[in-house]
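Colleague: I am new to this structure and should be grateful for a guided discussion of it. May we proceed by question and answer?

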Amino acid sequence: MMSQKKIFLILVAFSTVSLLLHQGGHLSWTMEVLRLTYSSINSQTVKHSNIVFLKTHKTASSTVQNIFFRFAERNNLTVALPVTPCDHQFCYPRIFSKHFVHPYTMPPNIVTSHMRFSHSELKRIMPNNTFYITILREPGAMFESLFSYYNQYCDSFKRVPNGSLEAFLEKPWAYYHPEEKDSMYARNTLTFDLGGDKDKPYKEVPTYAKRFAAEVENVFSLVMIAEHFDESLILMRHLLSWDLEDVLYIKQNMRMPLSRSNLSEAQLNKIREWNSIDAVLYDHFNVSLWRQLKELGLACVAREVKLLRHAQEEMVRGCYGGRLPPLRSAAEITNKDLRPWQPSSKVTIVGYDLPESGMSQDKCLKMIMPEVQYTKRLLHTQMLHYRNKYFLNTIKHNTKNPSSQQQHPSRSILVRSTTLRKSPRASV
């Protein structure tokens with residue numbers, strides 16, 4: 001027998017259909033949503049909630065991270081967040097360690113902040129049924145974005161006369177020093193983020209890249225592709241047994257068009273040669289993505305992509321009155337909760353502008369909240385939850401054992417963590 005909640009959902013869906021029939025609304029779209037909703041109700045499928053999303057650099061990963069943040073909050077899940085000295089990343093570019101995770105956010109359901117991947121360390125804090133997901137981007141577009149974004153952080157880029165990408169590509173070894181701080185932004189960044197060797201000698205690259213791609217495929221259930229973002233989300237939705245509404249998004253952390261450079265075919269080829277391991281990874285997983293899409297059914301995927309985009313239009317209408325808030329540079333945004341971090345004066349990262357008092361729905365605000373602010377909010381919320389839980393457990397323990405004293409479990413970890421190195425902010 002169906003629960004009252006399921007009956008209510010069905011009644012709401014049929015009421016919506018009846019209203020649209022009366023008003024001549026979008027019947028075909030609504031009927032399709034109804035079919036997916038009813039199918040989900042009948043399937044009794046449990047949404048998967050133990051997830052590691054490896055947030056790679058300049059790949060639209062901030063948009064995906066926002067999806068996971070909101071899903072965690074709606075479902076009362078714990079998100080692993082970095083200890084304070086690590087800022088909003090897990091002490092990147094150091095290889096991930098469980099000691100980089102704030103003790104108030106343990107044990108986690110979801111991990112989704114920047115890190116240098118270590119499967120062995122993640123297995124120490126995540127259950128065996130965890131799904132591993134990441135996202136890649138075409139090497140040419142990604143490297144152009146990295147060069148623009150980190151031109152004031154990465155010494156390999158700062159050395160280039162007039163900040164010229166063309167000059168760097170002409171003789172990259174004149175500017176690139178492999179062991180230098182932040183050199184990971186200047187070569188094979190995807191490989192580095194995934195825990196691989198970004199500086200394999202050229203003669204070893206073909207064998208190494210093929211072997212490394214196989215290792216990644218063995219660990220990750222899904223490798224999304226930024227150029228096929230919506231299709232990747234549909235695959236993720238099916239993999240995790242989520243609803244369509246769980247993957248609604250608004251693009252995060254974008255540059256002004258004037259901050260972007262148009263690349264020639266010759267430049268794209270030079271970038272792929274310079275980032276040859278990343279290029280192999282991208283090509284491998286682009287093929288893999290389309291194989292998975294075909295297995296799901298291209299017609300099915302196209303239909304769900306259309307539904308996703310229509311649902312996002314409805315969400316924008318409901319949240320923001322029919323259109324997205326205006327895009328503004330950080331200096332122009334009055335609401336501090338919506339100001340994106342600016343990497344340098346040479347690149348403009350834009351965000352959405354809303355007055356602080358003008359947002360009636362918290363969920364709408366969080367759809368457009370940048371990574372740094374959202375991370376701080378989540379940490380504050382989870383710290384309060386942890387302290388309340390600890391306080392109640394302490395009272396219960398002391399009631400049973402009046403003479404005992406419980407020591408706070410996080411103190412030694414927090415003291416040790418103060419020595420961790422901060423790295424530059426790397427929102428994507």
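Colleague: Numbering the bonded cysteines of the protein in sequence order, what is the pairing?

Modeller: The model is a predicted one. It holds two disulfides. One joins cysteine 86 to cysteine 91, and another joins cysteine 319 to cysteine 364. With the bonded cysteines numbered in sequence order, the pairing is 1-2, 3-4.

Colleague: Which hand does the disulfide of cysteine 86 and cysteine 91 have?

Modeller: The two sulfur atoms of cysteine 86 and cysteine 91 are 1.8 Å apart. The torsion about their S-S bond is about -75 degrees, so the disulfide is left-handed.

Colleague: Is cysteine 91 buried or exposed?

Modeller: A residue counts as buried under 20% relative accessible area. Its partner cysteine 86 has a value of 1% and is buried. Cysteine 91 likewise has a relative accessibility of 1%, so cysteine 91 is buried.

Colleague: How many residues apart in sequence are the parts that cysteine 319 and cysteine 364 tie together?

Modeller: The sulfur atoms of cysteine 319 and cysteine 364 lie 2.0 Å from each other, and both residues are buried. The torsion about this S-S bond is about -70 degrees, so the disulfide is left-handed. Cysteine 319 belongs to helix α13 (residues 298-320) and cysteine 364 to helix α14 (residues 362-367), so the parts tied together are 45 residues apart in sequence.

Colleague: Let us turn to the strands. In what order do the five strands of the open sheet stand?

Modeller: The pairing in this open sheet is parallel. Its edge strands are β2 (79-80) and β5 (222-225), each of which pairs on one side only. Read across the sheet, the order is β2-β3-β1-β4-β5.

Colleague: Which residue in β3 stands opposite alanine 80?

Modeller: Strand β3 covers residues 110-111, and β2 pairs with β3 in the parallel sense over two bridges. Opposite alanine 80, the residue in β3 is valine 111.

Colleague: What angle does the direction of helix α12 make with that of β5?

Modeller: Helix α12 (residues 276-296) packs on the sheet, where it touches β4 (131-136) and β5. Its direction and that of β5 make an angle of about 100 degrees.

Colleague: Which residue in β5 is the bridge partner of leucine 136?

Modeller: β4 has parallel neighbours, and one of them is strand β1 (residues 51-54), joined to β4 by four bridges. There, leucine 54 has threonine 134 as its bridge partner in β4. Four bridges also join β4 to β5, again in parallel. In β5, the bridge partner of leucine 136 is isoleucine 225.

Colleague: How many of the six residues of β4 are buried?

Modeller: On one side of β4 stand Phe131, Ile133 and Ile135, and on the other Tyr132, Thr134 and Leu136; both faces are covered. The strand is largely enclosed by the rest of the structure, because the number of its residues that are buried is six of the six.

Colleague: Which residue in β8 stands opposite leucine 327?

Modeller: Strand β7 (residues 327-329) pairs with β8 in the antiparallel sense over three bridges. In β8 (residues 349-352), Ile349 and Gly351 point one way and Val350 and Tyr352 the other, and all are buried. The residue opposite leucine 327 is tyrosine 352.

Colleague: Let us consider the helices. Are α3 and α10 roughly parallel or oblique to each other?

Modeller: The axes of helix α3 (residues 61-74) and α10 come within 12 Å and cross at roughly 30 degrees. The contact involves Thr63, Val64, Ile67 and Phe68 of α3, with Phe229, Leu233, Met236 and Leu240 of α10. α3 passes α10 in a right-handed crossing. Angles under 35 degrees count as roughly parallel, and α3 and α10 are therefore roughly parallel.

Colleague: Is the crossing of α10 past α12 left-handed or right-handed?

Modeller: The axes of helix α10 (residues 229-240) and α12 come within 11 Å and cross at roughly 60 degrees, and the two helices are therefore oblique to each other. Glu231, Ser232, Ile234, Leu235 and His238 of α10 make the contact with Leu289, Gln292, Leu293 and Leu296 of α12. The crossing of α10 past α12 is left-handed.

Conventions. Residues are numbered from 1 along each chain as its sequence is written. This is a predicted model: local features need pLDDT of at least 70, side-chain atom pairs count only at pLDDT 80 or more; totals for chains, interfaces and linings use all residues. Side-chain values use heavy atoms; hydrogens and water are left out. Buried means under 20% relative accessible area, exposed over 50%, partly exposed in between (1.4 Å probe, protein chains only). Two strands pair if DSSP finds at least two bridges between them. Contact means heavy atoms within 4.5 Å. Axes are lines fitted to C-alpha atoms, for helices over the stretch in contact, and angles run from 0 to 180 degrees between N-to-C directions. A disulfide is a pair of cysteine sulfur atoms within 2.5 Å. Angles under 35 degrees count as roughly parallel, over 145 as roughly antiparallel, 65 to 115 as roughly perpendicular and the rest as oblique. A crossing is left-handed if the near helix is turned anticlockwise from the far one by less than a right angle, and right-handed if clockwise.
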